[in-house]
Amino acid sequence: ELLVPKELYLRAGTGWFSDRSACYLTSGTPVVMLAPPGTPVPVPVGKGLVTFGPDDGPEVLGDVFADYALHTEAARALAEEHFDSARVLGALLEAAVATP
């Protein structure tokens with residue numbers, strides 16, 4: 001997936017990560033997203049989820065396609081580590097119980 005956030009998110013410097021991107025990672029599809037330096041990203045980047053700035057998109061895409069097998073495996077591993085329902089729902093339920 002190629003993810004380019006709306007200009008509003010870029011100007012605010014808050015970044016954007018969609019549920020669709022999480023689904024792509026889960027299916028083992030790498031996500032390449034525009035995230036200028038300093039933009040927060042919810043999971044580790046570099047393999048599986050790769051970020052690029054306004055001037056380096058083509059090189060980043062080339063790097064992903066050059067080692068696509070590595071990026072597909074890393075994408076799935078990121079999803080398992082950060083978006084697994086047991087992990088996410090467990091933390092959500094703990095927070096809900098702890099809230100008065």
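Trainee: Leaving aside its neighbours within four places in sequence, which residues is Ser21 in contact with?

Mentor: In this predicted model, Ser21 is in contact with Glu1, Leu3 and Val31. Ser21 itself lies in helix H2, residues 19–26.

Trainee: Why is Ser21 called buried?

Mentor: The relative accessible area of Ser21 is 0%. A residue is called buried when that value is under 20%. Ser21 therefore meets the definition.

Trainee: How do you know that Leu25 counts as buried?

Mentor: The reasoning rests on a relative accessibility of 0% for Leu25, set against the cut-off of under 20%. Leu25 is also found in helix H2. Beyond its neighbours within four places in sequence, Leu25 has contacts that include Phe17, Val31, Ala75 and Phe83.

Trainee: Why does His71 count as buried?

Mentor: His71, which lies in helix H4, has a relative accessibility of 6%. Buried means under 20%, so the term applies to His71. Apart from neighbours within four places in sequence, the residues in contact with His71 include Pro30, Gly48, Val50 and Asp63.

Trainee: What makes the approach of the His71 side chain to the backbone nitrogen of Gly48 a polar contact?

Mentor: The side chain of His71 reaches that nitrogen at 3.1 Å. The limit for a polar contact is a pair of N or O atoms within 3.5 Å, and 3.1 Å satisfies this limit.

Trainee: Let us turn to the sheet. What makes S1 and S3 edge strands?

Mentor: The sheet is open and has 3 strands in the order S1-S2-S3, with parallel pairing. Strand S1 (2–3) and strand S3 (49–52) each have a single partner strand, so one side of each is left without a neighbour in the sheet.

Trainee: How do you know that S1 and S2 pair?

Mentor: Pairing requires at least two bridges, and 2 bridges join S1 to S2. Strand S2 (residues 31–34) is joined to S3 by 4 bridges, which also meets that requirement. Within these pairs, Leu3 stands opposite Met33 in S2, Met33 stands opposite Thr51 in S3, and Leu34 stands opposite Phe52 in S3.

Trainee: Which way do the residues of S2 point?

Mentor: Val31 and Met33 point one way from S2, while Val32 and Leu34 point the other way; all are buried. In a regular strand the side chains alternate between the two faces of the sheet.

Trainee: Why is H4 described as it is relative to H5?

Mentor: The axes of helix H4 (residues 68–83) and H5 come within 6 Å and cross at roughly 25 degrees. Angles under 35 degrees count as roughly parallel, so H4 is roughly parallel to H5. Glu81, His82 and Phe83 of H4 make the contact with Ser85, Arg87 and Val88 of H5.

Trainee: How do you know whether H5 lies in the open or is buried?

Mentor: Of the 14 residues of H5, the number buried is 0, so H5 lies largely in the open.

Trainee: What makes the end-to-end distance of H5 agree with expectation?

Mentor: Helix H5 covers residues 85–98, and at 1.5 Å a residue its 14 residues should span 20 Å. Its end C-alpha atoms are 19 Å apart, which agrees.

Trainee: Which residue caps the N-terminal end of H5?

Mentor: Asp84 does so, with a side-chain oxygen 3.1 Å from the backbone nitrogen of Ala86. That distance falls within the 3.5 Å limit for a polar contact.

Technical notes. Residues numbered from 1 in each chain as written. Predicted model: local features only at pLDDT ≥ 70, side-chain atom pairs only at ≥ 80, totals over all residues. Heavy atoms only, no water. Expected span 1.5 Å × (residues − 1). Buried < 20%, exposed > 50% of the residue type's maximum accessible area, 1.4 Å probe, protein only. Polar contact = N/O pair within 3.5 Å; in protein donor to acceptor, adjacent residues only side chain to side chain. Contact = heavy atoms within 4.5 Å. Axes fitted to C-alpha atoms, helices over the stretch in contact; angles between N-to-C directions. Parallel < 35°, antiparallel > 145°, perpendicular 65-115°, else oblique.
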